[in-house]
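Me: I'm new to this structure and would like a close look at a single part, the surroundings of the ligand. Could you walk me through that, and then show me how the rest of the chain is laid out?

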Amino acid sequence: MIEKLVRKNILNLKPYTSARDSFLDGILLDANENSLGSTITDAQNLKLNRYPDPAQNQVREKLAKYLNIDKEKLFLGVGSDEIIDLLIRIFCNPGEDSVLITEPTYGMYRVACNINDVKVLSVPLNRNFQINVKNTLKKVQKNTKIIFLCSPNNPTGNLLNKKNVLKIVRNFNGIVVIDEAYIDFCEDHSYINSVKKYKNLVIMRTFSKAWGLAGIRAGYSIADKFITDLLFKIKAPYNLNKLTANAILEALSKVKQKNNFVRKLNLEKDKLIKQLKEIKHVKKVFPSDANFILFKVKKAKDVYVKLASEGIIIRDRSDQPGLEDCLRVSISTEKENNNFIKKLKKVI
Ligand SMILES: Cc1ncc(COP(=O)(O)O)c(C=O)c1O
């Protein structure tokens with residue numbers, strides 16, 4: 001029963017309500033807005049002087065159609081980072097409960113736990129950056145509420161083995177969150193279709209990567225209605241702003257453009273992997289199912305600093321468990337990728 005996993009104060013919470021939960025049109029005298037207009041030009045007539053729809057209806061309808069799922073399973077956040085935080089706040093009692101992560105992985109799971117005073121249990125991924133199911137389940141404690149899995153995983157770039165992931169989903173009596181931030185780069189491997197079957201499963205996705213919209217701050221989750229309703233219950237009333245919602249609607253009518261980006265980036269990725277492998281001092285190039293590549297060089301920190309002084313900013317991941325001397329580079333345009341390789345050869 002998922003209900004048993006939810007913090008009592010959240011189950012009992014009386015959420016903030018506004019008249020906009022019931023009315024979005026009419027003579028709106030309920031929210032102390034400025035009825036005279038906006039200080040800036042509202043070029044798209046979004047009525048920026050008015051608060052946005054708390055239920056995110058228009059966006060959820062269009063996104064649900066695109067994903068071919070029920071709208072009631074969808075929730076939008078200020079990036080998936082907001083959703084990570086909300087999930088921890090729904091399920092984990094500060095100072096009591098724990099979250100399990102498999103490292104190396106995306107850093108915000110740990111940070112969000114630390115902010116919320118929730119203990120982090122960490123299990124290392126194996127040498128191929130895959131989950132060891134037995135060790136992972138063994139690490140679970142009585143008060144472990146959530147397991148975060150990331151597939152494709154950041155910063156390693158690989159998809160997690162599907163059988164293993166589903167074993168965790170089936171055998172863990174808590175919530176399993178699968179972060180699919182990079183799924184557009186290998187769409188067939190999504191777990192969306194498993195949400196119907198597993199009530200403890202939450203999928204997270206984002207507009208920040210393949211869609212090219214990191215600047216609008218939009219991510220979403222797909223989960224059973226019970227969990228989705230809890231997200232709506234505790235979110236800030238108007239978390240999805242009108243400019244962002246409008247940008248998402250526009251993006252969803254440009255799926256072809258997104259797919260073109262994915263195709264191009266994946267082609268560039270293959271080229272870049274080959275080029276990296278040809279550099280003698282690059283010790284290892286890891287395979288990637290995402291829009292970045294993890295690679296190993298001698299004295300990674302020095303290489304990172306020297307590249308930065310050449311104007312090329314990549315990510316030093318060498319302090320992460322299991323990632324000694326590893327750097328991560330995002331795939332970019334052909335020109336910038338070539339520039340990166342040229343400068344890498346120079347500083348190495
Ligand atoms: C695995 C993973 N999840 C989530 C995020 C955050 O996404 P958003 O921009 O939607 O907050 C990132 C960003 O780098 C990421 O790598």
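Reply: Sorted by class, the shell around the ligand holds four nonpolar, six polar and two charged residues. Keep in mind that this is a predicted model. Going along the chain, the residues that surround the ligand are Gly79, Ser80, Asp81, Tyr106, Cys150, Asn154, Asp179, Ala181, Thr206, Ser208, Ala214 and Gly219. Which helix gives the most to that shell? It's α3, residues 79-91, with three residues.

Some of the strands you'll meet next also hold residues of that list. Cys150 is one of the residues around the ligand, and strand β4 covers 144-150. Thr206 is in the shell too, and β6 runs over 201-206. Gly219 is another shell residue, with β7 spanning 219-223.

Now for the sheet those strands belong to. It's an open sheet of seven strands with mixed pairing, and the order across it is β1-β7-β6-β5-β4-β2-β3. At its edges sit β1 (74-77) and β3 (119-124), each pairing on one side only. From one strand to the next, the twist averages 25 degrees. Helix α7, residues 225-234, packs on this sheet and touches β1, β6 and β7. The direction of α7 makes about 30 degrees with that of β1.

Let's go over to the β3 edge. As a bit of background, strands of a sheet pair through backbone hydrogen bonds, in either a parallel or an antiparallel way. Here β2 (residues 98-103) and β3 go together in the parallel sense, over six bridges. If you want to find the pairing on screen, look for Leu100, whose bridge partner in β3 is Leu121. To get from β2 to β3, the chain crosses through helix α4 (residues 108-115), and this β-α-β crossover is right-handed. Another pair to look for is Glu103, with Pro124 as its bridge partner in β3.

Glu103 is worth a second look, since a cis peptide bond joins it to Pro104, with omega at about 5 degrees. Pro104 lies in the loop between β2 and α4. There's also a cis peptide bond from Ser151 to Pro152, with omega near -5 degrees. Pro152 lies in the loop between β4 and α6 (162-171). For context, most peptide bonds are trans, and most residues other than glycine have a negative phi. On the phi side, check Asn68: it isn't a glycine, yet its phi is positive, about 60 degrees. You'll find Asn68 in the loop between α2 (57-67) and β1.

Further along the chain there's an open sheet of four strands, in the order β8-β9-β11-β10, and its pairing is antiparallel. The edge strands here are β8 (282-285) and β10 (315-316), each of them pairing on one side only. Within this sheet, β9 (residues 292-297) pairs with β11 (residues 326-330) in the antiparallel sense over five bridges. Leu294 is a good marker, with Arg328 as its bridge partner in β11.

Finally, step back to the whole chain. It has eleven helices and eleven strands. Its C-alpha atoms fill a box of roughly 70 × 55 × 35 Å, taken along the principal axes. How does the radius of gyration fit with a compact globule? With 348 residues, such a globule would come out near 20 Å, and the chain has 22 Å, so the two agree.

Definitions and conventions. Residues are numbered from 1 along each chain as its sequence is written. This is a predicted model: local features need pLDDT of at least 70, side-chain atom pairs count only at pLDDT 80 or more; totals for chains, interfaces and linings use all residues. A residue is near a molecule or strand if its C-beta atom, placed from the backbone, lies within 6 Å of it. Helices (H or I, at least four residues) and strands (E, at least two) are DSSP runs, numbered from the N terminus. Ala, Val, Leu, Ile, Met, Phe, Trp, Tyr, Cys and Pro count as nonpolar, Asp, Glu, Lys and Arg as charged, and the others, Gly among them, as polar. Two strands pair if DSSP finds at least two bridges between them. Axes are lines fitted to C-alpha atoms, for helices over the stretch in contact, and angles run from 0 to 180 degrees between N-to-C directions. Two residues are in contact if their C-beta atoms, placed from the backbone, lie within 7 Å. A crossover is right-handed if, with the strands pointing away from the viewer, the path from the first strand over the helix to the second runs clockwise. The radius of gyration is taken over C-alpha atoms; the globule rule is 2.2 Å times the number of residues to the power 0.38.
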